[in-house]
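This report describes a single chain with a bound ligand, taking the central strands, one helix and the ligand surroundings in turn.

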Amino acid sequence: NQLPLPVTKNTFFHLLYNYFHILFSRYDRLKMSKAVVVGDLNVGKTCLINRFCKDVFERDYKATIGVDFEIERFEMSGLPFSLQIWDTAGQEKFKCIASAYYRGAQVIITVFDMADIKSLEHTQQWLSEALRENEPDSCFVFLVGTKRDLLSAEECQRTESDAIKIAAEMNAEFWSLSSKTGENVQEFFFRVAALAFEDAILKDLETGSSTAQIGDGNILDDNALEDAQEKPKKKSCC
Ligand SMILES: Nc1nc2c(ncn2[C@@H]2O[C@H](COP(=O)(O)OP(=O)(O)OP(=O)(O)O)[C@@H](O)[C@H]2O)c(=O)[nH]1
Ligand SMILES: [Mg+2]
(Lines give C-alpha, C1' and ligand atoms only; values in the text may rest on other atoms or scores of the structure.)
(Ligands and ions follow the chains in the order given, each with its own letter.)
Protein backbone atom coordinates (compact mmCIF):
# COMPACT_ATOMS: atom_id res chain seq x y z
CA ASN A 1 0.00 0.00 0.00
CA GLN A 2 1.47 3.28 -1.14
CA LEU A 3 0.85 6.28 1.00
CA PRO A 4 0.43 9.64 -0.77
CA LEU A 5 3.64 11.61 -0.93
CA PRO A 6 3.83 14.34 1.68
CA VAL A 7 3.11 17.77 0.17
CA THR A 8 6.17 19.92 0.57
CA LYS A 9 5.90 23.66 1.13
CA ASN A 10 7.02 24.31 -2.44
CA THR A 11 4.51 21.91 -3.97
CA PHE A 12 1.76 23.44 -1.86
CA PHE A 13 2.52 26.95 -3.14
CA HIS A 14 2.84 25.63 -6.66
CA LEU A 15 -0.61 24.00 -6.46
CA LEU A 16 -2.08 27.12 -4.89
CA TYR A 17 -0.59 29.28 -7.66
CA ASN A 18 -1.99 26.97 -10.37
CA TYR A 19 -5.41 26.97 -8.76
CA PHE A 20 -5.65 30.79 -8.71
CA HIS A 21 -4.09 31.05 -12.16
CA ILE A 22 -6.79 28.78 -13.64
CA LEU A 23 -9.51 30.57 -11.68
CA PHE A 24 -8.55 34.08 -12.74
CA SER A 25 -7.33 33.39 -16.27
CA ARG A 26 -10.98 32.99 -17.29
CA TYR A 27 -11.54 36.62 -16.47
CA ASP A 28 -8.23 38.34 -17.06
CA ARG A 29 -8.27 37.42 -20.74
CA LEU A 30 -10.36 39.84 -22.67
CA LYS A 31 -13.70 38.50 -23.74
CA MET A 32 -14.02 39.28 -27.40
CA SER A 33 -16.57 38.76 -30.13
CA LYS A 34 -16.31 39.29 -33.84
CA ALA A 35 -18.76 41.31 -35.91
CA VAL A 36 -18.55 41.51 -39.71
CA VAL A 37 -20.10 44.38 -41.64
CA VAL A 38 -21.23 43.56 -45.19
CA GLY A 39 -23.23 45.25 -47.93
CA ASP A 40 -23.02 46.96 -51.33
CA LEU A 41 -20.31 49.47 -52.08
CA ASN A 42 -21.00 53.06 -51.06
CA VAL A 43 -23.81 52.17 -48.62
CA GLY A 44 -21.88 53.66 -45.68
CA LYS A 45 -20.26 50.72 -43.85
CA THR A 46 -16.96 52.48 -43.18
CA CYS A 47 -18.70 55.71 -42.17
CA LEU A 48 -20.85 53.80 -39.71
CA ILE A 49 -17.83 52.18 -38.04
CA ASN A 50 -15.89 55.43 -38.04
CA ARG A 51 -18.75 57.35 -36.50
CA PHE A 52 -18.94 54.87 -33.64
CA CYS A 53 -15.24 54.17 -33.09
CA LYS A 54 -13.74 57.58 -33.85
CA ASP A 55 -16.75 59.89 -33.81
CA VAL A 56 -15.91 61.27 -37.25
CA PHE A 57 -17.80 61.50 -40.53
CA GLU A 58 -16.09 61.57 -43.93
CA ARG A 59 -18.13 63.24 -46.67
CA ASP A 60 -15.94 62.02 -49.55
CA TYR A 61 -16.17 58.40 -50.60
CA LYS A 62 -13.02 56.34 -50.19
CA ALA A 63 -13.59 52.71 -51.11
CA THR A 64 -12.41 50.10 -48.63
CA ILE A 65 -9.74 47.92 -50.18
CA GLY A 66 -10.34 44.34 -49.04
CA VAL A 67 -10.93 44.59 -45.30
CA ASP A 68 -10.18 46.75 -42.33
CA PHE A 69 -11.00 46.35 -38.65
CA GLU A 70 -11.42 48.19 -35.38
CA ILE A 71 -11.48 46.87 -31.84
CA GLU A 72 -13.86 48.65 -29.52
CA ARG A 73 -13.79 48.13 -25.77
CA PHE A 74 -16.87 48.05 -23.58
CA GLU A 75 -17.55 47.49 -19.94
CA MET A 76 -20.44 45.12 -19.38
CA SER A 77 -21.72 44.63 -15.85
CA GLY A 78 -18.23 45.50 -14.62
CA LEU A 79 -16.47 43.06 -16.98
CA PRO A 80 -14.27 44.13 -19.88
CA PHE A 81 -15.59 43.14 -23.27
CA SER A 82 -14.24 43.86 -26.74
CA LEU A 83 -15.84 43.81 -30.12
CA GLN A 84 -13.78 43.27 -33.27
CA ILE A 85 -15.63 45.14 -35.99
CA TRP A 86 -14.60 43.95 -39.46
CA ASP A 87 -15.26 46.42 -42.24
CA THR A 88 -15.42 44.65 -45.61
CA ALA A 89 -15.29 46.07 -49.10
CA GLY A 90 -18.53 46.19 -51.08
CA GLN A 91 -16.76 46.32 -54.45
CA GLU A 92 -17.08 43.10 -56.41
CA LYS A 93 -13.35 42.91 -57.19
CA PHE A 94 -12.50 42.69 -53.46
CA LYS A 95 -15.16 40.16 -52.59
CA CYS A 96 -12.90 37.13 -52.46
CA ILE A 97 -10.48 38.88 -50.09
CA ALA A 98 -13.27 40.18 -47.87
CA SER A 99 -15.17 36.90 -47.68
CA ALA A 100 -12.12 35.19 -46.20
CA TYR A 101 -12.79 37.22 -43.05
CA TYR A 102 -16.44 36.21 -42.56
CA ARG A 103 -15.49 33.06 -40.63
CA GLY A 104 -15.89 32.95 -36.86
CA ALA A 105 -18.34 35.85 -36.66
CA GLN A 106 -20.78 36.05 -33.78
CA VAL A 107 -22.54 39.02 -35.38
CA ILE A 108 -23.32 39.78 -39.03
CA ILE A 109 -24.29 43.36 -39.82
CA THR A 110 -25.83 43.71 -43.29
CA VAL A 111 -25.93 47.32 -44.36
CA PHE A 112 -27.97 49.11 -47.03
CA ASP A 113 -28.43 52.72 -48.11
CA MET A 114 -31.95 53.91 -47.28
CA ALA A 115 -31.81 56.22 -50.27
CA ASP A 116 -30.96 53.34 -52.64
CA ILE A 117 -33.60 50.61 -52.61
CA LYS A 118 -31.44 48.31 -54.80
CA SER A 119 -28.95 48.01 -51.96
CA LEU A 120 -31.74 46.74 -49.70
CA GLU A 121 -32.62 44.06 -52.27
CA HIS A 122 -29.01 42.86 -52.23
CA THR A 123 -28.79 42.39 -48.45
CA GLN A 124 -30.12 38.82 -48.51
CA GLN A 125 -27.37 37.81 -50.91
CA TRP A 126 -24.74 39.42 -48.66
CA LEU A 127 -26.16 37.63 -45.66
CA SER A 128 -26.21 34.22 -47.28
CA GLU A 129 -22.56 34.64 -48.30
CA ALA A 130 -21.57 35.58 -44.75
CA LEU A 131 -23.63 32.75 -43.23
CA ARG A 132 -22.03 30.22 -45.57
CA GLU A 133 -18.73 30.75 -43.75
CA ASN A 134 -20.24 30.24 -40.28
CA GLU A 135 -21.97 27.55 -38.26
CA PRO A 136 -25.76 27.51 -38.77
CA ASP A 137 -27.62 29.49 -36.08
CA SER A 138 -24.38 30.73 -34.55
CA CYS A 139 -24.71 34.40 -35.52
CA PHE A 140 -26.85 37.36 -34.55
CA VAL A 141 -27.98 39.13 -37.71
CA PHE A 142 -28.70 42.84 -38.05
CA LEU A 143 -30.14 44.71 -41.01
CA VAL A 144 -29.02 48.34 -40.92
CA GLY A 145 -30.33 51.17 -43.08
CA THR A 146 -27.92 54.11 -43.28
CA LYS A 147 -28.22 57.71 -44.53
CA ARG A 148 -31.53 58.29 -42.77
CA ASP A 149 -30.72 62.01 -42.90
CA LEU A 150 -31.23 62.02 -46.70
CA LEU A 151 -34.88 60.95 -46.53
CA SER A 152 -38.05 62.86 -45.75
CA ALA A 153 -40.18 61.50 -42.91
CA GLU A 154 -42.56 59.94 -45.44
CA GLU A 155 -39.80 58.28 -47.49
CA CYS A 156 -38.20 57.07 -44.31
CA GLN A 157 -41.41 55.39 -43.16
CA ARG A 158 -41.88 53.69 -46.53
CA THR A 159 -38.32 52.37 -46.64
CA GLU A 160 -38.49 51.24 -43.03
CA SER A 161 -41.62 49.21 -43.62
CA ASP A 162 -39.97 47.49 -46.65
CA ALA A 163 -36.86 46.83 -44.58
CA ILE A 164 -38.81 45.38 -41.66
CA LYS A 165 -40.33 42.77 -44.01
CA ILE A 166 -36.92 41.81 -45.35
CA ALA A 167 -35.46 41.76 -41.83
CA ALA A 168 -38.16 39.27 -40.81
CA GLU A 169 -37.20 37.00 -43.71
CA MET A 170 -33.55 37.28 -42.73
CA ASN A 171 -34.31 36.64 -39.07
CA ALA A 172 -32.57 39.93 -38.39
CA GLU A 173 -33.09 42.90 -36.14
CA PHE A 174 -33.66 46.10 -38.13
CA TRP A 175 -32.11 49.49 -37.33
CA SER A 176 -32.19 52.74 -39.26
CA LEU A 177 -29.58 55.38 -38.53
CA SER A 178 -27.38 58.14 -39.87
CA SER A 179 -23.62 58.22 -39.60
CA LYS A 180 -23.70 61.85 -40.71
CA THR A 181 -25.80 63.06 -37.79
CA GLY A 182 -24.87 60.15 -35.52
CA GLU A 183 -28.55 59.35 -34.94
CA ASN A 184 -28.94 55.84 -33.45
CA VAL A 185 -25.30 54.86 -34.06
CA GLN A 186 -24.23 54.43 -30.43
CA GLU A 187 -27.53 52.79 -29.50
CA PHE A 188 -27.08 50.33 -32.33
CA PHE A 189 -23.55 49.27 -31.39
CA PHE A 190 -24.42 49.03 -27.70
CA ARG A 191 -27.19 46.64 -28.67
CA VAL A 192 -24.75 44.60 -30.79
CA ALA A 193 -22.23 44.49 -27.92
CA ALA A 194 -24.87 43.58 -25.34
CA LEU A 195 -26.15 40.63 -27.40
CA ALA A 196 -22.64 39.42 -28.23
CA PHE A 197 -21.57 39.69 -24.58
CA GLU A 198 -24.61 37.80 -23.33
CA ASP A 199 -23.98 35.09 -25.91
CA ALA A 200 -20.31 34.84 -24.90
CA ILE A 201 -21.25 34.44 -21.23
CA LEU A 202 -23.89 31.79 -22.03
CA LYS A 203 -21.40 29.85 -24.14
CA ASP A 204 -18.90 30.15 -21.31
CA LEU A 205 -21.38 28.62 -18.90
CA GLU A 206 -22.39 25.87 -21.33
CA THR A 207 -18.87 24.76 -22.14
CA GLY A 208 -17.27 25.67 -18.83
CA SER A 209 -14.38 27.17 -20.76
CA SER A 210 -13.19 30.66 -21.53
CA THR A 211 -15.07 32.34 -24.38
CA ALA A 212 -11.69 33.45 -25.64
CA GLN A 213 -11.41 29.96 -27.11
CA ILE A 214 -14.73 29.86 -28.94
CA GLY A 215 -14.39 30.68 -32.62
CA ASP A 216 -11.71 32.75 -34.28
CA GLY A 217 -13.19 36.01 -33.18
CA ASN A 218 -12.58 35.32 -29.54
CA ILE A 219 -8.86 34.83 -29.63
CA LEU A 220 -6.71 37.83 -28.93
CA ASP A 221 -3.01 37.64 -29.57
CA ASP A 222 -0.60 39.90 -27.69
CA ASN A 223 -0.42 42.49 -30.49
CA ALA A 224 -4.16 42.79 -30.80
CA LEU A 225 -4.39 43.05 -27.02
CA GLU A 226 -1.85 45.86 -26.98
CA ASP A 227 -3.71 47.64 -29.78
CA ALA A 228 -6.94 47.27 -27.88
CA GLN A 229 -5.38 48.60 -24.69
CA GLU A 230 -3.91 51.61 -26.48
CA LYS A 231 -7.41 52.88 -27.17
CA PRO A 232 -8.21 55.42 -24.49
CA LYS A 233 -11.97 55.30 -24.90
CA LYS A 234 -13.90 52.86 -22.78
CA LYS A 235 -17.57 52.48 -23.45
CA SER A 236 -20.00 51.39 -20.87
CA CYS A 237 -23.45 50.36 -21.89
CA CYS A 238 -24.84 48.53 -18.88
N1 LIG B 1 -25.72 61.80 -46.02
C2 LIG B 1 -25.08 60.68 -45.60
N3 LIG B 1 -24.05 60.20 -46.30
C4 LIG B 1 -23.43 59.10 -45.84
C5 LIG B 1 -23.83 58.43 -44.64
N6 LIG B 1 -23.04 57.37 -44.44
C7 LIG B 1 -22.16 57.38 -45.46
N8 LIG B 1 -22.40 58.41 -46.30
C9 LIG B 1 -21.64 58.73 -47.52
O10 LIG B 1 -21.70 57.59 -48.39
C11 LIG B 1 -20.47 57.43 -49.09
C12 LIG B 1 -19.96 56.01 -48.90
O13 LIG B 1 -19.63 55.78 -47.56
P14 LIG B 1 -18.63 54.59 -47.13
O15 LIG B 1 -18.80 54.42 -45.67
O16 LIG B 1 -17.27 54.85 -47.62
O17 LIG B 1 -19.24 53.36 -47.93
P18 LIG B 1 -18.81 51.82 -47.84
O19 LIG B 1 -20.06 51.03 -47.68
O20 LIG B 1 -17.78 51.63 -46.80
O21 LIG B 1 -18.22 51.56 -49.29
P22 LIG B 1 -17.12 50.41 -49.71
O23 LIG B 1 -15.95 50.56 -48.82
O24 LIG B 1 -16.79 50.68 -51.15
O25 LIG B 1 -17.81 49.09 -49.57
C26 LIG B 1 -19.52 58.52 -48.56
O27 LIG B 1 -19.48 59.57 -49.47
C28 LIG B 1 -20.15 58.96 -47.25
O29 LIG B 1 -19.91 60.31 -46.94
C30 LIG B 1 -24.95 58.99 -43.91
O31 LIG B 1 -25.38 58.49 -42.87
N32 LIG B 1 -25.52 60.11 -44.44
MG1 LIG C 1 -15.85 51.04 -46.86
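In which sense do strands β2 and β3 pair, and over how many bridges? The model is predicted, and in it β2 (residues 67-76) and β3 pair in the antiparallel sense, over 10 bridges. One bridge in this pairing joins Phe74 to Phe81 of β3. The two strands form a hairpin with 2 residues between them, and there Ser77 takes a positive phi near 45°.

Strand β3 also pairs with β1 (residues 31-38), in the parallel sense and over 7 bridges. Here Met32 has Ser82 of β3 as its bridge partner. The two pairings of β3 are set out below.

| Partner of β3 | Sense | Bridges | A bridge pair |
|---|---|---|---|
| β1 (residues 31-38) | parallel | 7 | Met32 and Ser82 |
| β2 (residues 67-76) | antiparallel | 10 | Phe74 and Phe81 |

Why is β3 described as largely enclosed by the rest of the structure? Strand β3 spans residues 79-88, and 8 of its 10 residues are buried, so the rest of the structure largely encloses it. A residue counts as buried here when 20 or more other C-beta atoms lie within 10 Å of its own.

Helix α2 (residues 45-54) is mostly covered as well, with 7 of its 10 residues buried. The buried positions of α2 are Lys45, Thr46, Cys47, Leu48, Ile49, Arg51 and Phe52. Their cover includes the strands β1, β2 and β3 already described, together with β4 (107-113), β5 (140-146) and helix α7 (185-207). Just after α2, Asp55 takes a positive phi of about 50°.

Which element gives the largest share of the shell around ligand 1? That element is α2, which contributes 3 residues. In total, 24 residues surround ligand 1, and the closest are Gly44, Thr46, Cys47, Thr64 and Gly90. Two of these names, Thr46 and Cys47, also appear among the buried residues of α2. By class, the shell around ligand 1 holds 9 polar, 8 charged and 7 nonpolar residues.

For the chain as a whole, the secondary structure comes to 8 helices and 7 strands. The chain has 238 residues, of which 35% count as buried. Among contacts with a separation of 6 or more, 75% are made by residues 24 or more positions apart.

Key: Residues numbered from 1 in each chain as written. Chains lettered and ligands numbered in written order. Predicted model: local features only at pLDDT ≥ 70, side-chain atom pairs only at ≥ 80, totals over all residues. Near = placed C-beta within 6 Å. Helix = DSSP H or I, 4+ residues; strand = E, 2+ residues; numbered from the N terminus. Nonpolar A, V, L, I, M, F, W, Y, C, P; charged D, E, K, R; others polar. Buried ≥ 20, exposed ≤ 12 C-beta atoms within 10 Å, placed from the backbone. Pairing = 2+ DSSP bridges. Contact = placed C-beta atoms within 7 Å.
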